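Open the model in your viewer and keep the selection panel handy. We will go stop by stop, with something to pick at each one.

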Amino acid sequence: MRPSPRRLLNILVPVKRAVDYSVKIRVNPAQTGVDTNVKHSMNPFDEIAVEESIRIRERSLSSSPSSPSSPSSSPVTITALTIGPPKALDVLRTALAVGADSGVHIAIGEKEAMPEPLAVAKSIKAWIEKQNEKAGGKEGRVDCVILGKQAIDDDSGVTGQMLAGLLGWSQATFASKVEVDEASGEVTVTREIDGGGMQVRCRLPVVITTDLRLNEPRYASLPNIMKAKKKPVEKLTPADLGVDFTPQLEVVRVTEPPKRVGGGKVESVEELVAKLKEAGITAA
Amino acid sequence: MLLRTSARLARPVCSRSYATAGSPHALVFLEHRKGKIEAGSLSALTAASQLGGQVSALIVGDSENVGGVVERAKKLKGVSSVLTSTSPQYAEALPEVLSPLLEKLLADSSYTHVVSATSSAGKSLLPRVSAKLDAPTVSDITSLEHDPASNSTVFTRPIYAGNAIATVKAPSTIPIKFFTVRGTAFNAAPVEEGAIAEVKEVEPVQVDSPTEHITTTIAKSDRPDLGVASRVVSGGRALKDAKTFESTLYPLADALGAAVGASRAAVDSGYADNSLQVGQTGKVVAPELYMAVGISGAIQHLAGMKDSKLIVAINKDPEAPIFQVADVGLVADLFEAVPKLVEELKKD
């Protein structure tokens, strides 16, 4: 149907700096949150989102042997975006080192609380609209956003859906496989659902959120980490985007979950069966 | 009895254009598959009832299944009315197709809360709708308390893979409060003798959806459903391969009448289907008995099972973190211990 056989695909990948997944977190004494003076890294689901965007670019390059093979002339561009304190720039650099072309940093103060998912979604939407206004016609418009399905700190898992709702775009959550057909402007996504999988076909533009099974993220090589320092990063404030970060919800307190203490070990299978019986558990 | 029914009939049906303090009205997105109501939705109904007001259950689908589901839903405890909308478009719960219907329903703002299970469908739909109404979605709540005087609701929810519990308040400035419910934290709403909620048909909203459904594949199993089973036997990376996973764990699961679960490591290695994954990114279970076989007990796995009543761990490594939460631990080679355990269990 489309006159042009190929289209540019502009992918936006929002990434979050979060407490590293291996850290044993502690609730702070004031019960206002957890102690964040610990190792941080890119939210694992976002690493998968970055990786997928790069793979989409690689697949598009390999499917068109006529096009030169340097990423700079690729029909796919990748922008990584983060919202956070100055230190969030680290995760942006990580995304750039792995293969994103440019970065966007929406900066908040060191001591400021992270915005709620809805404010994040509004910020991303505002940036996309700005970008698309600049682009005017078809070229340069953002047509695909890939996010992690949840951040491992607040475990909400709502930002992608909210963004798709605000933009009125197609959404494919919990993706375990993504196939882009640039010519037809359609993306086929396999989603993880309760009890199995679901395949959907989305018309671009689309918001995709990543499941763990989508891919295995690569590591950045040292030369690429050096190169990433030269890649452009646009710095903005929430005010530039006209977004209000005042939270709608009030965090009353954050507490430790009830502690479970192990009940010790048994020496043999017979003893184990005896313990099970004690608890009233026998063969079905 | 008769008197009470007539009293109920005599109560005027009020159509309010706003939510008055003290009268919460929850809209619960009720999921069903093949004519059966999902267990998670039954827990969501119980949570919605705890708000202390009316509860309307929304049932959407194609004409084939909806009828039976509506019949069952109107007999459930706590359901004051059932809304149903039927369209071929609603055969699969695509958020792009269902959002406009929910927006239409919520425009009649007698609703104060929108509720679903923390299911893949609920998680996909509610935030999309809430964002359009400029409201947050509070995910995976484990308890709630509504204060009619201030029209605020306080929720608790696990954060950081269940290593902290956040208590959050949705104040009156959020007119419609969206939340998804952790199924293992609330009992399933039972059928109530003599309860018959009224049923209202809702006109479907036709949508030119940018997304179309192609196929759904559901993993088949004769065993109890992992999410609601009272006993779960889970295997980890130590099970070597898919065949060993099956030949070792299935006999044990069958001897106990248990569902089978898996750690992420086992799923990633291809030993088990990913619908069996227990943990932060998989299913959260809280059975009577959780047996962890060859699972070390990473934080993300514990997030999915540490509310189980009795945790049993079988692992070769005496230092495995799983032993810190296990009520009963056995340090042994699982390939010897599990068959022996099956044998011992069958002796009775």
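Which feature does UniProt place at residues 26-217 of chain B? The unreviewed entry gives "domain: Electron transfer flavoprotein alpha/beta-subunit N-terminal" for that span. Bear in mind as you look around that this is a predicted model.

**Stop 1: the annotated span.** Select residues 26-217 of chain B and colour by secondary structure: the span is 25% helix and 35% strand. A distance between its end C-alpha atoms comes out at 32 Å.

**Stop 2: two domains.** Now colour chain B by its domain assignment, with domain 1 at 25-201 and domain 2 at 231-346. The contact between them takes 5 residues from domain 1 of chain B and 7 residues from domain 2 of chain B. Their centres, taken over C-alpha atoms, are separated by 32 Å.

**Stop 3: a buried threonine.** Stay in chain B and pick B:T156, which you will find in strand β9 (residues 152-159) of chain B. Is B:T156 buried or exposed? Its relative accessibility is 17%, and buried means under 20%, so B:T156 counts as buried. Show side chains here: that of B:T156 makes a polar contact with the side chain of B:S143, at 2.6 Å. Leaving aside residues up to four places away in sequence, B:T156 touches B:I141, B:T142 and B:S143, as well as B:I165, B:A166 and B:T167.

**Stop 4: a sheet with strands from both chains.** Next, show both chains as cartoons and trace an open sheet of 10 strands with mixed pairing. The order to follow is β11(A)-β5(A)-β4(A)-β1(A)-β6(A)-β10(A)-β7(A)-β8(A)-β9(A)-β13(B). Why is one side of β11 (233-236) of chain A and of β13 (211-218) of chain B left without a neighbour in the sheet? These two strands stand at the edges and each has a single partner strand, so nothing in the sheet flanks the other side. On average, and ignoring direction, neighbouring strands of this sheet are turned by 30° against each other.

**Stop 5: helices on the sheet.** Select helix α4 (residues 159-167) of chain A, which packs on the sheet and touches β6 (144-148), β7 (170-181) and β10 (206-210) of chain A. The direction of this helix makes about 175° with that of β10(A). Then add helix α5 (residues 120-132) of chain B, which lies across β7 and β8 of chain A and runs at about 100° to β7(A).

**Stop 6: one strand pair.** Finish on β8 (residues 186-193) and β9 (residues 196-203) of chain A, which pair in the antiparallel sense over 8 bridges. Within this pair, pick A:T188 and look across to A:R201 in β9(A), which stands opposite.

Definitions and conventions:
Residues are numbered from 1 along each chain as its sequence is written. Chains are lettered from A and ligands numbered from 1 in the order in which they are written. This is a predicted model: local features need pLDDT of at least 70, side-chain atom pairs count only at pLDDT 80 or more; totals for chains, interfaces and linings use all residues. Side-chain values use heavy atoms; hydrogens and water are left out. Two strands pair if DSSP finds at least two bridges between them. Helices (H or I, at least four residues) and strands (E, at least two) are DSSP runs, numbered from the N terminus. Axes are lines fitted to C-alpha atoms, for helices over the stretch in contact, and angles run from 0 to 180 degrees between N-to-C directions. Contact means heavy atoms within 4.5 Å. Buried means under 20% relative accessible area, exposed over 50%, partly exposed in between (1.4 Å probe, protein chains only). A polar contact is a pair of N or O atoms within 3.5 Å; within protein, one must be able to donate a hydrogen and the other to accept it, and residues adjacent in sequence count only if both atoms are side-chain atoms. UniProt positions are given in the numbering used here, feature names are shortened, and annotations may be inferred rather than shown by experiment. Domain bounds come from an automatic or database domain assignment.
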